Amino acid sequence: MIRIRLRSFFSLAALALLATVAAVATASAQSSIGMQGFGYPVGGGSVRTNGTGGAFAEFDALTPTNPAALGGLSRTVIAAQAEPELRTLTGNGVSAKSNLQRVPLIMLILPARHGVAMGLSATTFLDRTFSTATTGSALIDGISIPTSDQTEVRGAINDLRAGAGWQISPRFRVGAAGHLYTGGNEATRERRFADTLRLGGVLDSSRVAYFGTALSVGGEATLGKGFTALASYRRGNEINARVRDTIISKATVPTRTGAALRYDGIVGSVFAVGVEQISWSQMASLGSGTATTTDAVNWHAGAEVAGPRLRGLPMLVRAGYARNGLPFGIPGQTATENRLSAGLGLPVAGEDATLDLSVQRASRTMSGSGFKESAWLLGIGIQIRPRN
Amino acid sequence: MPERVRLTSWPRFRGPLLLCGLVIAAVTAAACTESLDGGAACPSLCPSTAESFRDTIVDAVVFDSSLGGYPALGLSPLILIANRPDTVVTSAIIRFDVLPTVFTANRGTSVDSITAVDSVYLRFPLDSTGRRGTRPVTLEVYDVDTMASDSVTSVVRSLFRPDRRIGSLLFTPSAIGDSIRIPFSKTVLAAKIAAKGRLRLGVRIRGGSGQLRALAFVAGAGAPTVVFDPSTDTTFAPQQISPSTIVPNATADVELSYSVYMISDLASPPPGANTLVVGGFPAYRSYLRFNVPSLITDSSTIVRAEVLLTQQASTFGDARDSVGLLALVPTTTGLVTDLRRILDLSAAGSFAGVDSTLMVPAATGVRAVNVLSLSRTWRTLPANVPRAIAFRIGLEGAQPAELRFFSSKAPAALRPRLRITYLPRSEFALP
């Protein structure tokens, strides 16, 4: 019976993912508030976490933030998600829209004995994908010659995590994880002159690769009366940027400290608030200095309640709010982001699989720039829990 | 008692929730469409700044020279027949070493011997481009056949004498169409056919100053023809004889070269000590080899490259008519040092995207020749291939005009130089 359900679910899920994943190769966006510096901090949250404004990051096992969340899991979990973003930038009399594709999370959780579970995940740490098409001019022989310029940057710094969580007792869980930060940015720049007879265009490319490491630890303690306290800490080690195997700059993976309070005293409901501090300024020396780096304090609040039952299992309805500081800006200006989010968790094959959907409305501003950015971030994720 | 509706029942919420899920899924799929409307926030929010272009003029010419004697014998599709005593005097030689002794009447099946020859003329297809003179001139045809060594120009030149003149035509160059027919002695042709001999004709202009540019070769064969009636029966179609020659122990190329060629009685002046010449008669070609800093060729993108040549005024020939300066791209490695060999093995500039440049020979000043496409290939060339360019004139060997430029032996301000605008390559992927 379950085999039949899973088969139909896999077909549906495969189609849904195919539609989104297939477009990843053609992703693009233009320069925007969220794409300064090393890019946009995707956060690595699962669709469930994103649907609650990031407030569930500390205890959601599919979100590779707090390794303690892995502890006590008794079933294998395979999860993947896609997250397109529809972005609109306005200001100074101009408006521009762009679409961006991401597959920000792939995770595998394997339970072991005695309340221990291990998790392997790949998440997008900083996504830097954009393109700009502008007109300008170049001064040649003292004469200003019109040009059309196109710059395209693709790539990301990814966070590959291997972690383990241990449920020491029903009230305590701890975990630890190691992180590899890899990836790169590939940039192409094309510049064409209006006078194509005398002047040739420029098509140049550049690639930089990143490599870094970090360790993270976390814990969870049940306080009683439905309250649970959670905390996690990531200590960054060196991260370097390489061009053709030559290290051109070094910095430290930003230290992150997070804490959250969960309340699940009402059956079928979970409420959480959280805060995290990320020392992005530790990455400053990795860049060339054209962007500024600012430490961020992010606040999250969210809830998940059991909704109507679907084939015997409750559908989960989520909502949340987040206020994030964006790490990269331009000199003298800092960027912030507010997010309203909502989501659904649909049990599509009993307890064996869940389809998660989320929608987030983000508003970003950069102080003093006159620009505002709004975005719809849509999430679709699958988690499969095969029976052991 | 009314039935109590459960708020959490699936039938009540199934529709709205499924609709909500479908909307999210549909919008997610729709978001897969790529859009590229970028740049609205630039330069305010553009995360990188473009490098500035750099201009430089470099004395990059390490070797230059002019080499005369072009076009090589038999390799010019055009020939110039000119009588301009102050400029250039040339004659054309056309060999018909194989004369027919029989003919097929009106393309029938019977083959008859040629027993009578009538209405003999030499037909020249003409190049219809360019201006032609308006004053009448006389085109003379000479029998230049000799048992002496007629590959020696002086020997052939000596045969242009009155007793060997076998035909002539008085005409005005501007009044003729795309070909010209010069009648000559039927007795001479009949005698040579009867003797199974050969016919070698010399053509020159006398009786006035003028010139004609004629087609020498078409589709690999000599273009001028001798036309005659092979019989007294005027209903028979005229017969044509095409140029051909037999040179003992020579290749087919050499034989083709000697079937139609030019000799000159008065040529253009040689280049001076500090001068590069392109064109003239016989024509010169000029070769320039560069040493461009590797910072520019290897580590930059060149967006403009021009060879700057300081032109000297030429007084030779049609000095006030525009002529084309055509580029040649040398392809040999440094192992080939013979300049003629280098030039013979050069490719047409069009293969490297170098266009022709129009210039007026009498003009002076700095001229720029666009070599952008060529310069962009220098980075990809093996190190042992010299970065070089050569120039030849348009209608080489078929027009009396030349371009003169100062060479690298001239004072510094007059030497050939390279003007390059480039963008240094940078690693701009790092924000």
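Two strands are said to pair if DSSP finds at least two bridges between them. The model described here is predicted, and the pairing of strands is used below to describe one sheet in chain B.

In chain B, four strands form an open sheet, and their order across the sheet is β10-β7-β15-β16. The pairing in this sheet is antiparallel. Strands β10 (179–183) and β16 (239–241) of chain B stand at the edges; each has a single partner strand, so one side of each is left without a neighbour in the sheet. From one strand to the next, the twist averages 30°.

Within the sheet, strand β7 of chain B covers residues 118–125 and strand β15 of chain B covers residues 225–229. These two strands are joined by four bridges and run in the antiparallel sense. One position in this pairing can be located by residue: B:Arg123 stands opposite B:Thr225, which belongs to β15(B).

Chain B as a whole contains seven helices and 27 strands. Its domain assignment gives two entries: domain 1 is made up of 54–70 + 270–424, and domain 2 is 88–266. The centres of domain 1 of chain B and domain 2 of chain B, taken over C-alpha atoms, are separated by 38 Å.

Of the 431 residues in chain B, 40% are buried. Contacts were also considered by separation along the sequence. Among contacts in chain B between residues at least 6 apart in sequence, those that join residues at least 24 apart make up 79%.

Methods
Residues are numbered from 1 along each chain as its sequence is written. Chains are lettered from A and ligands numbered from 1 in the order in which they are written. This is a predicted model: local features need pLDDT of at least 70, side-chain atom pairs count only at pLDDT 80 or more; totals for chains, interfaces and linings use all residues. Axes are lines fitted to C-alpha atoms, for helices over the stretch in contact, and angles run from 0 to 180 degrees between N-to-C directions. Domain bounds come from an automatic or database domain assignment. A residue is buried if 20 or more other C-beta atoms lie within 10 Å of its own, exposed if 12 or fewer, and partly exposed in between; C-beta atoms are placed from the backbone. Two residues are in contact if their C-beta atoms, placed from the backbone, lie within 7 Å.
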